[in-house]
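I set out to record what can be looked up in this structure. The entries below follow the order in which I worked.

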Amino acid sequence: TQHNTRGLPQGRQPENRKHAVIGFLLTLPFPVRPTHTPTSFLVMAVFTQHGSIRRNMASDRAASQATRFDFLVIGGGSGGLAGARRASELGAATAVIESHKLGGTCVNVGCVPKKVMWNAAVHAEYLHDHSDYGFDTGNVRFSWETLKAKRDAYVSHLNRIYRNNLDKAKIQTIQGHARFTNDPEPTVEVDGRKYTAPHILIATGGLPSVLSDAEIPGANLGITSDGFFELETLPKRTVIVGAGYIAVEMAGILSTLGSKTSLIIRQTGVLRNFDSLISANCTKELQNTGIDLWKNSQVKSVCKSEKGLEVTIVTKDPEKKNDEEKTSTIQEVDCLLWAIGRQPNISGLNIGGVDTDERGHIIVDEFQNTSRPGIYAVGDVCGKALLTPVAIAAGRKLAHRLFEGKKDSKLDYSCIPTVVFSHPPIGTVGLTEEEAIKSRGKENVKIYKTSFTPMYHAITSRKSQCIMKLVCVGKEEKVVGLHMQGLGCDEMLQGFSVAIKMGATKADFDKTIAIHPTSSEEFVTMR
Amino acid sequence: MAALCRGRHRWKKTNCLYVPTRNLTGKYDYDLVVIGGGSGGLACSKEAQFGQKVAVLDYVDPTVKGTKWGLGGTCVNVGCIPKKLIHQAALFGTALKDAKKYGWQISEPVCHDWATMMEGVQNHVRSLNWGHRVQLQDKKVKYLNFKGSLVDEHTVKGLTKAGKETILTAKNIVIVTGGRPKYPTNIPGAVEHGITSDDMFWLKKSPGKTLVVGASYVALECAGFLTGIGLDTTVMVRSIALRGFDQQMAGLVTDYMETYGTKFAWKCVPKRVDKLSSGALQVTWTDTQTGGEHQDTYDSVLWAVGRAPETKALGLDKLGVKLNQETGKIVLATDESTSVPNIYALGDIGEGRPELTPTAIKAGKLLARRLAGQSAELMNYDNVPTTVFTPLEYGCVGLSEEEAEKRHGKDNIEVYHAFYKPLEFTVAERDASQCYIKVVCKRFGDQTILGLHFTGPNAGEVMQGFAMGFQCGATYSHLSQTVGIHPTCAEEVVKVNITKHSGLDATVTGC
């Protein structure tokens, strides 16, 4: 569920340049829409196949070189597109600059293709259970190639939908890499042409972090989650490095689909910023499902042999001070995947005048304002809650603030629900137990927990548990956190997150009538 | 109850705060005698701790076909539990087709073996029967395999299978005998040759080509899972499907079933059932629209024409317990009391009560606490969510659109809706025309939600949390202010933004 966009150089050329051409043919005059900014100019609109743009016909020479919009969005991913479309609906002349495919991380190398792969893996799990439910499926083989072709076709379909949506909204799409110029008024340059607007939104997203060969010899023999979506065949032997949700999801998918998978983590558990119950349970489930987990381990070097990659790993348990560091090698690896984090996608953007943090994330206030007036940022590039729906909501809220005069329009970043598509999936919203204790004091925190075998597994030989936890605070037992892992948890969370955002208490959970037989009913019958 | 229906390890947790401060009830054998060991009865008797002496009587009259089962009532034995497990099996029928699109090469043909499935289902049901026995023991509730009837307002007569009588006296009596499927006794051959859902879940052999008569949720669920495991299945509908549910949603459910392969004989009524020498059942029916008569043969005929309260053996009339003349159900006050002092009833047998396990459980627990003087809290029967486990699941809470219109006026409600495509349907190339969300709100003011409806995969799991939001009084803006979870089906509920009034296309495009 991460999101980013690719407004910037990645060494890849857009595959489809058809739409990249901006026509300047003066065909018919287009009615000028009201401008929402003090910097209005006498403008003449031109109408192209893909939407309207305005050209500044004023006499100011410097400005006349730049094409002027009301709203300029850098990055055609979830946040940028949502903001652009909403702004356009509200009457703003809008353009989106995108260097790669429309849809950003979510559509191209994130949520969507990831969940397609997860669905395929869920079928693999079902196939184990078929005979218990009476179906004789005999021999079953898996074709990664078939799946990849279908997945790619679906993603292309979505790219086209995004393109159509922009066209329908009369939003100009500018294909290429954006770079801020040094003009006094915020201006960007794409392929030698200048564009400006009183409001410029940076929504360039993020990228998987990579290690250099200097840090780990042979590191660049590995791929990242981006490369995962380019794999043409199912790797026989996979090594994944990382303990975050991307590592967990990739390991789950590859292992379930039949790749022998090792997961290398630096400490003893995965998902360490999740609630400890989830972290411990997910670590256990990974091992239960056959993933070879290397705790307290780090990759030291990677080299290439005739039979594939050799990944050398050092393991040292910090608790056992006297133990020697152990060095081992995993041989014949055909897929080494780094899932060690994500970083903001800002290189080449030349955002000198905009403040960033030490990792390069653009610093914004609660209204998505950057340190430079007229420049805003939403989504992964800000480094906070790297989720598609967050970027979408933030982009839309911003559009309402800028173009509808809704001064208070901003996204509330509290109680954002998230799902990890692990096996089984994880759902979480609000505070972890540890966070609640830290902020409210142990004496004010009450925990409700349950674990059970979902009814689905009542008649299967393969089993997995469902675990659930409610974190409540204060006398009224306000529910501030809900955490779960188990079959169906992905679809369970959304409704509960509405109630928790409304300020639900444990008593509200108790008052709710159960839906039987489901797993989610356990939340309303918990004692 | 839900807890009960899970893994066996759950039993261990229940020996909680039992303090043996039992003060004997003086003139009665028991503080509480519960007649009926189903969801409500078990919940009530197990909750009735607080130093009380409690007995629960349970006895299953075999069906016409001779089917019988153990402790736990309809839900465990012939309802929710086996139904959902077989529904799960049927979903696998679809999953197998989907799996091929997801790159799995599966050799054809794939056959489904009824006996294998039923062995698993019945083993699970038996483990639950056993679990209930153990739980009663843990809670020191006396379990009696007696058929109970009322002698007076403090006395119950128990009859064993062998015909031995036992008299029990109790301060309070709770009747929780539930209901059983009805047979249309006016149709020749119906009883002799037909089965009901009470038999369905204990059939040793596949029912084969089946005619399901009725269009209640029971009928549609049974027809759905039979179709899903590959059986030729027809539903015969007299008037409308899913009466009482939102009719637009009901239409989507049956439309999906039709594309799924279930046949429907709309506006038809069966006339007679004859057994042919081949063993096949020949059904004759009338098409009420054309008046024409039709015939076909089936291996099984399943009557799902409604359920009747199980009151006949209780001797209610002698005591003057007031029944609803039309339904035969017991008339109850808000505290579950009947017209006779000390006698209470709850669950499916109660007039106007939802025929649902969770409401019976909750009502049973609350009644037990009130009878023990521990609480005055009454059961709230509003805001009851439910899910129909048809091939395309349908979950809802609150009012149907029709009911909302009736109560508030068409111009005073706003219906937000969306036709969405589950991501799992895309690669599988499945038609998602019936995947739909409808949020019925008040049109003015804060747009309080009046009803919420969802068809799609995992509807039960999706709906529970929203039911809680609904219970908390959620408005449309509470939904839209909640950040979605991407990519899920449930997120479409918080994303709905097209109103019916607008007339705009409600199809969701893109993320």
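**Entry 1: salt bridges across the interface.** I began with the criterion: a salt bridge is a side-chain nitrogen of Lys or Arg within 4 Å of a carboxyl oxygen of Asp or Glu. I note at the outset that this is a predicted model. With that rule I asked how many salt bridges there are between chain A and chain B. The count is 2. I looked up one of them: Lys150(A) pairs with Glu429(B), and their closest N and O atoms are 2.4 Å apart. I then listed the polar contacts between chain A and chain B and obtained 22 residue pairs, both residues at pLDDT 80 or more. I also sorted by class the side of chain A that touches chain B, and found 44 nonpolar, 25 polar and 15 charged residues.

**Entry 2: extent of the contact.** I next took the residues that make up the contact, which are 84 from chain A and 92 from chain B. The area buried between the two chains is about 7500 Å², and carbon and sulfur atoms give 66% of that area. Which three residues supply more than any other three of the area that chain A buries against chain B? I found Glu491(A), Ile513(A) and His516(A), with 11%.

**Entry 3: strands across the interface.** I looked for strand pairing between the chains. Strand β7 of chain A (residues 140-142) and strand β3 of chain B (residues 104-106) are joined by 3 bridges and run antiparallel. Within this pairing I located Arg141(A), which stands opposite Gln105(B).

**Entry 4: salt bridges overall.** I extended the search to all chains, where the same rule gives 43 salt bridges. Among them I examined Arg68(A) with Glu185(A), whose closest N and O atoms are 2.8 Å apart. Arg68(A) belongs to strand β3 of chain A (residues 66-68), and Glu185(A) to the loop between β9 (179-180) and β10 (187-190), so the pair ties together parts that are 117 residues apart in sequence.

**Entry 5: backbone geometry.** I checked for cis peptide bonds. One runs from His423(A) to Pro424(A), with omega near -5°; Pro424(A) sits in the loop between β23 (418-420) and β24 (426-430) of chain A. Another runs from Glu108(B) to Pro109(B), with omega near -10°, and Pro109(B) is in the loop between β3 and β4 (111-112) of chain B. I also noted Glu336(B), a residue other than glycine with a positive phi, near 70°. Glu336(B) lies in the loop between α9 (316-319) and β19 (343-345) of chain B.

**Entry 6: confidence.** I closed with the predictor's scores. The complex receives an ipTM of 0.89 and a pTM of 0.89. Chain A has a mean pLDDT of 89, with 88% of its residues at 70 or more. Over residues 1-63 of chain A the pLDDT is below 50, although this stretch has 175 contacts in the model beyond near neighbours in sequence. Chain B averages 93, and 95% of the residues score at least 70. Its residues 1-23 stay under 50, and for them the model has 60 contacts beyond four places in sequence. I reminded myself that predicted coordinates should not be read in detail where pLDDT is low.

Key. Residues numbered from 1 in each chain as written. Chains lettered and ligands numbered in written order. Heavy atoms only, no water. Contact = heavy atoms within 4.5 Å. Buried area = accessible area lost by both parts, 1.4 Å probe. Polar contact = N/O pair within 3.5 Å; in protein donor to acceptor, adjacent residues only side chain to side chain. Nonpolar A, V, L, I, M, F, W, Y, C, P; charged D, E, K, R; others polar. Pairing = 2+ DSSP bridges. Helix = DSSP H or I, 4+ residues; strand = E, 2+ residues; numbered from the N terminus. pLDDT = per-residue confidence, 0-100.
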